[in-house]
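User: Could you take a close look at one part of this protein for me, the place where the end of the chain meets an earlier stretch? I'd like to know how it is held there and what surrounds it.

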Amino acid sequence: MDKASAAIHDTESRLAVADVRVTYDKVADAAYVYLTEPQALLKSARMYACDPVDSDAMINLDFDEQGRLIGIEVLAASSTLPEYLLMSAERLDTQGT
């Protein structure tokens with residue numbers, strides 16, 4: 001691979017989106033976007049509640065003890081998040097049935 005091809009490949013690999021775990025509970029209409037590795041068992045040390053203007057949703061940002069954003073909870077998710085994301089999310093409301 002020449003230098004030009006290697007540079008293009010490097011740029012493309014940095015632009016790739018990482019797999020992100022998303023869970024959704026249709027009954028509660030709540031989704032959670034995990035920004036940690038799937039095996040990580042981090043606990044939220046602080047939560048920052050957001051109240052988006054012109055939206056019925058409530059968004060909560062979870063941070064770990066080092067101040068890193070580890071997850072995003074979205075209430076009223078069906079009116080806020082794209083349908084494709086909710087359709088592909090891990091369903092919590094159907095587990096155990």
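Analyst:
**A close look at β6 and its neighbours**

Tyrosine 24 stands opposite arginine 91 in β6. Keep in mind that this is a predicted model. That pairing belongs to the contact between β1 and β6, two strands that run parallel and are joined by 2 bridges.

Let's zoom out for a second. The chain has 2 helices and 6 strands, and reading along the sequence you get the pattern α-β-β-β-β-β-α-β. The strands make an open, mixed sheet, and their order across it is β3-β4-β5-β2-β1-β6. At the edges sit β3 and β6 (90–91), each of which pairs on one side only.

Now for the side chains. Glutamate 90 makes a salt bridge with arginine 21, and the closest N and O atoms are 3.0 Å apart. Glutamate 90 lies in strand β6 and arginine 21 in strand β1 (residues 21–25), so this pair ties together parts that are 69 residues apart in sequence. How covered are the two partners? Both count as partly exposed: glutamate 90 has a relative accessible area of 32%, and arginine 21 has 35%.

Next door in β6, arginine 91 has a charged partner of its own. Its side chain meets that of aspartate 93 in a salt bridge, 2.6 Å from N to O. Arginine 91 is partly exposed at 29% relative accessible area, and aspartate 93 is also in the partly exposed class, at 21%. Buried here means under 20%, so aspartate 93, with its 21%, falls on the partly exposed side of that cut-off.

Across the whole structure, the search turns up 3 salt bridges. One of them joins aspartate 64 and arginine 68, at 2.8 Å from N to O. Aspartate 64 counts as buried, with 3% relative accessibility, whereas arginine 68 is partly exposed at 48%.

Back to β1, which has another neighbour. It runs antiparallel to β2, and 5 bridges join the two strands. Arginine 21 turns up again here: its bridge partner in β2 is tyrosine 34. In other words, arginine 21 has a backbone partner in β2 as well as its salt bridge to glutamate 90. The hairpin of β1 and β2 has 4 residues between the strands, and there aspartate 29 takes a positive phi near 50 degrees.

One more step across the sheet brings you to β5 (residues 69–75). It is antiparallel to β2, again with 5 bridges, and valine 33 has isoleucine 72 as its bridge partner in β5. Just past the end of β2 comes leucine 35, in the loop between β2 (30–34) and β3 (46–50). Leucine 35 is partly exposed, with 37% relative accessible area. Together with Val20 and Leu69, leucine 35 forms a nonpolar patch on the surface, and the three share about 220 Å² of accessible area.

A few whole-chain numbers give the setting. Buried residues account for 23% of the 97 residues. The chain's accessible surface is about 7300 Å², and carbon and sulfur atoms make up 55% of that. Of the contacts with a separation of 6 or more, 40% are between residues 24 or more positions apart.

To sum up your spot: β6 is an edge strand, it runs parallel to β1 through 2 bridges, and a salt bridge links glutamate 90 to arginine 21.

Definitions and conventions:
Residues are numbered from 1 along each chain as its sequence is written. This is a predicted model: local features need pLDDT of at least 70, side-chain atom pairs count only at pLDDT 80 or more; totals for chains, interfaces and linings use all residues. Side-chain values use heavy atoms; hydrogens and water are left out. Patches are made of residues with over 30% relative accessible area and no salt bridge: like charges are joined within 9 Å, nonpolar side chains (Val, Leu, Ile, Met, Phe, Trp, Tyr) within 5 Å. Accessible areas come from the Shrake-Rupley method with a 1.4 Å probe; for residues, only the protein chains shown count as cover. A salt bridge is a side-chain nitrogen of Lys or Arg within 4 Å of a carboxyl oxygen of Asp or Glu. Buried means under 20% relative accessible area, exposed over 50%, partly exposed in between (1.4 Å probe, protein chains only). Two strands pair if DSSP finds at least two bridges between them. Contact means heavy atoms within 4.5 Å.
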